[in-house]
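Here are a few friendly notes to read alongside the model. I have kept them short and in an order that should be easy to follow on screen.

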Amino acid sequence: MKSHQRQYLQEMDIAVWLDKKAPVATRQNISIEDNTESILKPDNIMPVFTAELNSLAQKVAICQQCSLHESRTQTVFGVGDPDADWFVIGEAPGADEDRQGEPFVGRAGQLLNAMLLAIGLRRKQVFIANILKCRPPHNRDPKPDEVIACESYLRQQLSLIKPKIILAVGRVAAQNLLKSDTPIGKMRGHCYPCPGSDLPVVVTYHPAYLLRSPREKRKVWADLKFAMQTYKAMT
Ligand code: SF4
């Protein structure tokens with residue numbers, strides 16, 4: 001196991017058993033490349049969007065299909081590799097995301113980066129978006145009419161990017177994506193077909209929830225390993 005992978009697992013509160021013969025990572029021998037702080041921050045250089053994805057982002061930027069356009073600072077289209085195999089779907093932009101125009105920033109974003117890195121994925125290797133592209137006021141749950149109004153953008157993102165697997169993070173993302181009212185605890189550990197496509201969907205907890213309930217990180221680690229097994233079985 002590489003030292004940086006060990007660090008990310010520790011960030012996730014996952015116990016790591018070291019091979020006695022393996023060199024132990026210390027503050028001195030962790031290189032800049034392996035520095036968790038810097039590596040978990042949002043990547044400054046993200047892959048360039050394709051023309052089709054850019055054109056969709058421009059459409060979203062001026063969308064007024066639901067009342068959320070009135071209170072948003074800006075739309076939050078999504079970031080990442082337009083050719084990604086992994087598509088991470090969250091709920092909706094929060095205050096930081098609304099201000100910065102990027103999904104999963106701040107502490108929850110850093111924890112999502114750590115979750116991805118624990119299974120060997122960098123933020124720029126996946127595509128990250130939300131069910132809603134505009135922030136609901138006071139971070140309330142999305143309303144059904146808002147989800148319906150915004151749904152076609154997510155469908156178009158999926159059809160342009162053509163990922164191989166979807167990781168739905170959090171109850172709101174999982175239930176809206178899968179059109180289900182099953183509690184998230186019961187959705188975990190299974191692979192679902194994404195309605196409207198055959199894409200496999202794996203569900204896990206939202207990093208913002210993990211910040212409030214760090215004991216659940218072990219369950220997320222199990223979900224991530226399950227997602228990686230599902231992905232490998234497909235490729
Ligand atoms: S949430 Fe979606 S549908 Fe509503 S205004 Fe924003 S982009 Fe349009």
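1. A helix here is a DSSP run of H or I with at least four residues, numbered from the N terminus. Please keep in mind that this is a predicted model. With that in hand, helix α6 (residues 144-161) supplies the largest share of the shell around the ligand, three residues.

2. The shell around the ligand holds 14 residues, and those that come nearest are Cys63, Cys66, Lys133, Cys134 and Cys150. By type, the shell residues split into eight nonpolar, four polar and two charged.

3. Glu151 is also part of helix α6. Is Glu151 buried or exposed? Glu151 counts as partly exposed, because it has 15 C-beta neighbours inside 10 Å, while the buried class needs 20 or more. Between the C-alpha atoms of Glu151 and Lys133 there are 9.6 Å, with 18 residues separating them along the chain.

4. Now the sheet: it is open, has six strands in the order β1-β3-β2-β4-β6-β5, and its pairing is mixed. Its edge strands, each pairing on one side only, are β1 (79-80) and β5 (191-193). Strands β2 (residues 86-90) and β3 (residues 127-130) run parallel, with four bridges; Gly90 has Asn130 in β3 as its bridge partner. Helix α10 (residues 217-234) packs on the sheet and touches β4, β5 and β6, its direction making about 170° with that of β6.

5. Finally, the largest nonpolar core has 53 residues, of which Ile89, Ile131, Leu167 and Ala168 touch the most other members. Helix α5 (residues 106-118) gives the most to this core, eight residues. Beyond four places in sequence, the contacts of Ile89 include Ala129, Ile166 and Leu177.

Notes: Residues numbered from 1 in each chain as written. Predicted model: local features only at pLDDT ≥ 70, side-chain atom pairs only at ≥ 80, totals over all residues. Near = placed C-beta within 6 Å. Helix = DSSP H or I, 4+ residues; strand = E, 2+ residues; numbered from the N terminus. Nonpolar A, V, L, I, M, F, W, Y, C, P; charged D, E, K, R; others polar. Buried ≥ 20, exposed ≤ 12 C-beta atoms within 10 Å, placed from the backbone. Core = buried A, V, L, I, M, F, W, Y, C linked by C-beta atoms within 7 Å. Contact = placed C-beta atoms within 7 Å. Pairing = 2+ DSSP bridges. Axes fitted to C-alpha atoms, helices over the stretch in contact; angles between N-to-C directions.
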